[in-house]
Amino acid sequence: MEPRLVGPGPYRATRLWNEIIELFRAGMPLRKHRCRFKSYERCFKASEAVDCLHELLGSNQNFGPEVTRNQTVKLLKKFLKNHVIEDIKGRWGKEDFQDDGHLYRFPPSSPLKPYPKKPSCGKEVIKFPDWNEPEAGTSQEHIPVKSVTMNSELWYKRHSIAIGEVPACKLVFRRELTQANIEEIWKSMTLSRLQKVLGLDCLDEVLDTKLVNSKHIVQNAYNVNKQGIVTLEDKSKELPHWILSAMKCLANWPSCSDLKQPAYSGFERDVFKTIVDYFGQMKEPLLTFHFFDVFVSVLGLLQKHSKAVEALQITCLLLPPENRKRLQLLVRMMARVSFNKDLPPLSESVRTRTLMVQAFSRCILCSKDEMDLDELLAAKLVSFLMDNYQEILSVPSTLKSSIEERVVHLQRVQIKYAGADTDATFPPPSFCHQVSTDEFEYQRAIGSQEPLAALLEEIAMNKEISVKDKKKKLKQFQKSYPEVYRVRFPTPETEAVLFPEKTKQKSPILMWALKKPFQPFHRTRSFRM
């Protein structure tokens with residue numbers, strides 16, 4: 001059985017659980033073992049199960065090579081608790097699995113988790129005030145609009161500049177948007193974009209949209225400092241000063257600005273333990289219980305880097321501001337500590353990066369009800385956050401710009417023409433409707449012939465060009481569009497009207513033509529005698 005990428009969508013954790021069970025059962029070698037002078041068929045050692053499952057998880061693109069052996073042992077403990085495996089005596093139900101030589105086997109059928117009933121995808125409709133009419137008691141100076149029923153031809157004539165008519169219209173003054181209106185616009189457009197990025201039919205499959213607070217989105221988008229960190233209005237929700245100092249000390253080691261670097265060895269480990277203890281005692285993870293499913297769903301996009309980053313950008317924008325700020329500070333510290341070569345090792349056996357993931361993954365992401373893959377899913381998400389925290393924990397600029405443009409549009413004075421139900425400045429989205437073949441052919445013919453007919457009429461009525469040029473252009477048009485030309489000039493007589501024949505004038509009669517022909521000079525007789 002080949003592993004497959006489990007994409008975003010509802011019940012992703014359940015789908016991953018079932019797939020890992022199927023892969024483990026198909027890939028775990030079974031053979032004969034002896035224990036206390038007795039042979040057992042088709043079983044395996046605990047250490048062999050750890051080796052097999054660890055390799056399987058590391059090569060699976062849903063989890064990756066950062067899965068540790070310790071995490072694999074914890075998963076096998078859950079397998080034993082849920083009767084995915086049992087010991088050779090048929091015992092199960094307790095998490096007493098150890099990485100040793102004890103023998104285990106598969107039960108006749110490992111229980112796969114059933115999928116819950118798919119929730120109905122009822123989309124939340126956000127109602128906005130009626131912007132098109134003024135409030136009662138206010139006056140406007142506008143041209144009154146008479147309610148008329150207009151067909152397409154009349155509408156076209158009414159708005160044709162060519163016939164010189166000015167359409168009746170009125171100015172529509174928008175009501176001023178309240179802060180609540182703006183917050184609802186932010187919520188609606190943010191969730192719409194998240195749904196599109198995740199590629200889901202509706203967000204109700206992974207998120208209860210009623211629990212999304214629109215105020216949190218707006219505060220996270222605008223209440224930020226120069227570094228992009230959220231600034232809180234309620235200062236009582238800030239991190240304690242001593243925790244901030246400890247985090248800065250590790251992140252900037254050995255340059256500790258708030259603390260004087262002590263002389264004793266192991267100080268940095270004590271500081272790290274203090275930070276881990278503080279975040280470990282939180283009652284709820286930073287990404288909250290409500291958003292667990294949507295964050296797990298985003299993990300299915302990690303193969304598409306840009307989409308995963310955008311999805312996490314938007315999802316982190318939904319967090320309460322205090323959670324978002326703590327997440328920003330914690331992940332930034334984790335990333336800096338992981339790449340700080342001047343910081344002494346914080347553990348003798350575990351790399352610093354792996355230690356960061358193991359220490360803080362559960363305080364960042366976990367479910368309210370204990371899930372079997374919580375730790376592995378959280379480790380995968382935290383690793384991606386550490387590598388891309390600057391992009392993910394910033395405000396998505398494209399989304400912010402589009403929402404701001406929408407808000408400005410709703411506040412702008414509109415021009416509404418008689419008979420028009422749509423905005424003149426911001427046309428609504430258009431949708432395609434299926435039409436019959438005859439109607440399509442008719443629309444195609446009418447849509448292309450009308451502008452051509454107008455062009456032909458312009459050529460025919462143009463008095464500024466010479467007769468020779470007009471005849472030349474008409475001949476070219478007739479050759480290119482004979483059908484349109486035939487409609488305008490069905491007979492030669494209709495074409496001849498454009499070129500009336502001129503009456504031929506007789507050339508003037510010369511006076512000399514009336515005279516007698518020229519006679520040669522005759523010498524006359526002289527009178528001289």
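**Close-up views of aromatic pairs and an enclosed cavity**

Y104 has a relative accessible area of 6% and is therefore buried. Like the other residues described in these legends, this tyrosine is shown in a predicted model.

**View A. The tilted pair of F97 and Y104.** The two rings lie 5.0 Å centre to centre, with 40 degrees between their planes, and the pair is classed as tilted. F97 counts as buried because its relative accessibility is 0%. The structure holds 14 aromatic pairs, and F97 with Y104 is one of the aromatic pairs.

**View B. The edge-to-face pair of W186 and Y222**. The ring centres are 5.6 Å apart; the planes meet at 80 degrees, over the 60 required, so the pair is edge-to-face. This contact links distant parts of the chain, as W186 belongs to helix α5 (residues 179-198) and Y222 to helix α6 (residues 214-222), 36 residues apart. W186 is buried, at a relative accessible area of 1%, whereas Y222, at 36%, is partly exposed.

**View C. A cluster of aromatic rings.** W17, F24, F44, F79 and F106 are joined into a cluster by ring pairs.

**View D. The second largest cavity**. The model contains two cavities of 30 Å³ or more, and the volume of the second largest is about 40 Å³. Its lining consists of L232, K237, E238, L239, E322, K325, R326 and L329. Sorted by class, this lining comprises three nonpolar and five charged residues, with no polar residues.

Note on methods:
Residues are numbered from 1 along each chain as its sequence is written. This is a predicted model: local features need pLDDT of at least 70, side-chain atom pairs count only at pLDDT 80 or more; totals for chains, interfaces and linings use all residues. Side-chain values use heavy atoms; hydrogens and water are left out. On a 1 Å grid over the protein atoms alone, a cavity is a set of points where a 1.4 Å probe fits but cannot get out, and a pocket is an open set with protein on both sides within 12 Å along at least five of seven lines; lining residues have an atom within 4 Å of a point. Grid points are joined across faces, edges and corners, and a volume is the space filled by probe spheres set on the points. Ala, Val, Leu, Ile, Met, Phe, Trp, Tyr, Cys and Pro count as nonpolar, Asp, Glu, Lys and Arg as charged, and the others, Gly among them, as polar. Rings of Phe, Tyr and Trp (its six-membered ring) pair if their centres lie within 6.5 Å; planes under 30 degrees apart count as stacked, over 60 as edge-to-face and the rest as tilted. Buried means under 20% relative accessible area, exposed over 50%, partly exposed in between (1.4 Å probe, protein chains only). Helices (H or I, at least four residues) and strands (E, at least two) are DSSP runs, numbered from the N terminus.
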